[in-house]
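Look at the model below. Then read on for a short tour of a ligand site, two cores and one buried residue.

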Amino acid sequence: MSELLQQIINGISLGSIYALIALGYTMIYGILRFINFAHGDVFMVGAFIGFYLAPRIKALFGGSLLIATPVVFLIAMIGCSLLGVTIEKLAYRPLRPQPKLTVLITAIGVSLFLEFGGQLVFGPDPKLFPTLIPSSTVINTQNLVVGSNSIAVIVTALVLMLLLRFVVYNTKIGTAMRAVSYNHRAASLMGINIDTVISFTFVLGSSLAAAAAILYASVYPSINPLMGIFPGLKAFVAAVLGGIGNLAGAALGGLIIGLTETFVVGYISPTFRDAIAFSILILILLFKPSGIMGKDEPEKV
Amino acid sequence: MSLLEIRNLQVKYGAITALKGVSISVEPGQIVTMIGANGAGKSTLLRAVSGLIKACAGNVVFEGVDITNLPAHRVVALGISHAPEGRMIFANLSVRENLEMGAYPRANKGEIGHDLERVFSLFPRLKERFKQSGGTLSGGEQQMLAIGRAMMARPRMLLLDEPSLGIGPILVKAIFETIVEINRELGMTILLVEQNAHQALKIAQYGYVLETGHIALEGSAGDIARNEQIRKAYLGEA
Ligand SMILES: Nc1ncnc2c1ncn2[C@@H]1O[C@H](COP(=O)(O)OP(=O)(O)OP(=O)(O)O)[C@@H](O)[C@H]1O
Ligand SMILES: [Mg+2]
């Protein structure tokens with residue numbers, strides 16, 4: 001029983017990290033109708049910003065994590081936002097009138113660029129991510145061990161998702177995002193600068209990816225320039241599972257993937273850790289391509 | 001000085017030339033109508049003014065400022081709102097949010113709230129449905145929303161593309177009355193594209209007849225309504 005509870009908590013913790021990344025995929029898809037395959041690599045850059053920054057920021061605040069950790073989060077989020085906005089401006093924007101396939105291939109190119117650029121700049125060998133979230137044990141019974149970092153991950157992700165929800169549904173720029181995602185031309189007739197809204201969407205998506213990266217690296221502290229590939233792909237599956245373009249769907253999809261992965265690793269075999277997400281992808285594509293919360297409209301991608 | 005002056009405007013869609021050098025002018029405070037058969041280029045003309053498509057030659061001058069080929073969002077900010085063909089309501093946004101998006105370039109919340117009430121008083125149906133999503137409105141209600149939304153920018157000029165399309169006769173009458181009210185009470189100048197030439201010429205002061213990309217005729221609305229050929233071609237008389 002408590003082992004099950006243990007798995008559930010671990011699954012939710014991992015799932016909320018996937019959810020944060022999945023939200024970026026789904027928002028960018030919602031606005032531009034293409035999958036930003038470089039998103040997982042923006043996540044990776046977030047982890048490296050944290051890696052290089054954390055010791056300095058910690059020193060600055062005399063080792064107090066209470067201030068240092070939020071500061072590292074904030075700077076990583078700003079850094080990834082700048083990266084995301086730059087990628088969109090330089091790589092995707094000039095191709096906007098082109099067929100979606102062109103943009104998709106470019107996104108894969110950007111992804112490879114970041115992965116190999118990352119190996120050049122950061123070095124290919126794994127690095128140990130510094131402690132930003134103390135991993136003390138919060139609950140410790142016979143079979144149940146809940147670490148403070150699982151709790152921190154879940155709480156941080158929840159807060160960020162609620163913030164995102166507020167921005168998208170209760171602010172002017174959020175309403176403009178939804179308008180643009182529905183119809184670019186109609187939105188521009190309202191006086192909405194489409195480019196600004198697209199940039200803003202990249203800011204939101206990339207900063208969530210950065211936060212996810214710091215959380216992820218706090219749980220799995222070995223980081224390397226290729227670390228974005230699997231979480232990125234799994235979060236992409238989560239977004240498709242939830243119904244691409246749908247925010248609540250991405251959050252739900254992330255949780256489902258995180259839970260499934262944790263259960264499969266815990267009860268079947270760790271060998272299937274990375275395979276399970278792709279099995280899920282195949283199942284969705286076979287049985288409900290529009291995803292759990294997606295509308296059943298045929299959509300050409 | 002004319003409020004809107006279009007000179008020798010040419011627009012192409014690939015190999016098709018939709019506008020072959022169109023010149024019109026709209027005086028401040030007027031309702032000017034543009035009538036013409038399907039495919040004449042009426043919507044194209046409005047799209048070129050509001051910046052949805054690029055002109056390949058000619059000029060659009062608004063309040064003395066050349067706005068040719070300005071991006072659409074800047075044209076709105078300068079004072080021209082376009083209620084486009086097909087209405088383009090945001091189906092995923094509520095009626096209220098649709099109207100708020102109409103006021104996007106504006107910052108003064110008090111004034112926006114005031115204008116929202118004004119739209120609701122012109123179209124009480126929208127007030128009843130303001131929480132409903134735009135996609136669930138009937139065609140007529142969507143048309144009201146499209147006009148109301150365009151008004152929310154508080155433009156000096158409104159471009160209306162076939163507001164009577166697909167709407168029953170009673171509502172058509174009401175919508176034309178509202179257009180007159182918007183023009184008279186709120187002082188918005190209106191360029192009205194219509195297939196319903198009969199009604200349009202009744203409320204307009206001036207009219208243009210567009211035929212396959214060029215102006216075939218222009219004159220006071222009364223003169224056009226009395227023109228023999230127009231009566232035959234557009235007013236359904238034998
Ligand atoms: N996106 C487009 N691509 C190619 N051709 C177009 C496009 N839009 C319009 N056209 C062509 O340009 C011409 C003018 O079209 P437009 O929509 O301006 O006509 P209209 O007068 O508004 O007609 P209607 O009364 O049917 O709305 C038509 O021949 C049309 O086929
Ligand atoms: Mg038309």
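The shell around ligand 1 is mixed: five residues are nonpolar, six are polar and four are charged. This is a predicted model. Which residues come nearest to ligand 1? Of the 15 around it, they are B:Asn38, B:Lys42, B:Thr44, B:Glu85 and B:Gln195.

Some oxygen atoms of ligand 1 pair with polar atoms of chain B, as the table shows.

| Residue | Protein atom | Distance to an oxygen atom of ligand 1 |
|---|---|---|
| B:Gly39 | backbone N or O | 2.8 Å |
| B:Ala40 | polar backbone atom | 3.2 Å |
| B:Ser43 | side-chain N or O | 2.7 Å |

How much of ligand 1 does the protein bury? Taken alone, ligand 1 exposes 640 Å², and the protein buries 65% of that. Two elements of chain B give two or more residues to the shell: strand E2 (16-26) and helix H1 (42-50). Helix H1 of chain B gives the most, with four residues.

Now turn to the nonpolar cores. The largest has 104 residues. Inside it, A:Tyr92, A:Ile192 and B:Met101 have the most contacts. Which element supplies the largest share of this core? That is helix H8 of chain A, residues 194-219, with 15 residues. Another core lies apart from this one. It has 45 residues, among them B:Val119, B:Leu137, B:Val180 and B:Leu235.

B:Met101 deserves a second look. Set aside its neighbours within four places in sequence. What remains is a list of contacts from both chains. From chain A come A:Lys172, A:Thr175, A:Ala176, A:Ala179, A:Met190 and A:Ile192. From chain B come B:Phe90 and B:Leu93. One of these partners, A:Ile192, is also among the residues with the most contacts inside the largest core.

Last comes A:Asp41. This residue lies in helix H2 of chain A, which covers residues 39-60. Is A:Asp41 buried or exposed? A:Asp41 counts as buried because its relative accessibility is 1%, and the cut-off for buried is under 20%. What does A:Asp41 touch, leaving aside its neighbours within four places in sequence? A:Asp41 is in contact with A:Ser111, A:Leu114 and A:Glu115. A:Arg178 is 137 residues away from A:Asp41 along the chain. The C-alpha atoms of these two residues are separated by 26 Å.

Technical notes: Residues are numbered from 1 along each chain as its sequence is written. Chains are lettered from A and ligands numbered from 1 in the order in which they are written. This is a predicted model: local features need pLDDT of at least 70, side-chain atom pairs count only at pLDDT 80 or more; totals for chains, interfaces and linings use all residues. Side-chain values use heavy atoms; hydrogens and water are left out. A nonpolar core is a set of buried Ala, Val, Leu, Ile, Met, Phe, Trp, Tyr and Cys residues joined through side-chain atoms within 4.5 Å. Buried means under 20% relative accessible area, exposed over 50%, partly exposed in between (1.4 Å probe, protein chains only). Contact means heavy atoms within 4.5 Å. A residue is near a molecule or strand if one of its heavy atoms lies within 4 Å of it. A polar contact is a pair of N or O atoms within 3.5 Å; within protein, one must be able to donate a hydrogen and the other to accept it, and residues adjacent in sequence count only if both atoms are side-chain atoms. Accessible areas come from the Shrake-Rupley method with a 1.4 Å probe; for residues, only the protein chains shown count as cover. Ala, Val, Leu, Ile, Met, Phe, Trp, Tyr, Cys and Pro count as nonpolar, Asp, Glu, Lys and Arg as charged, and the others, Gly among them, as polar.
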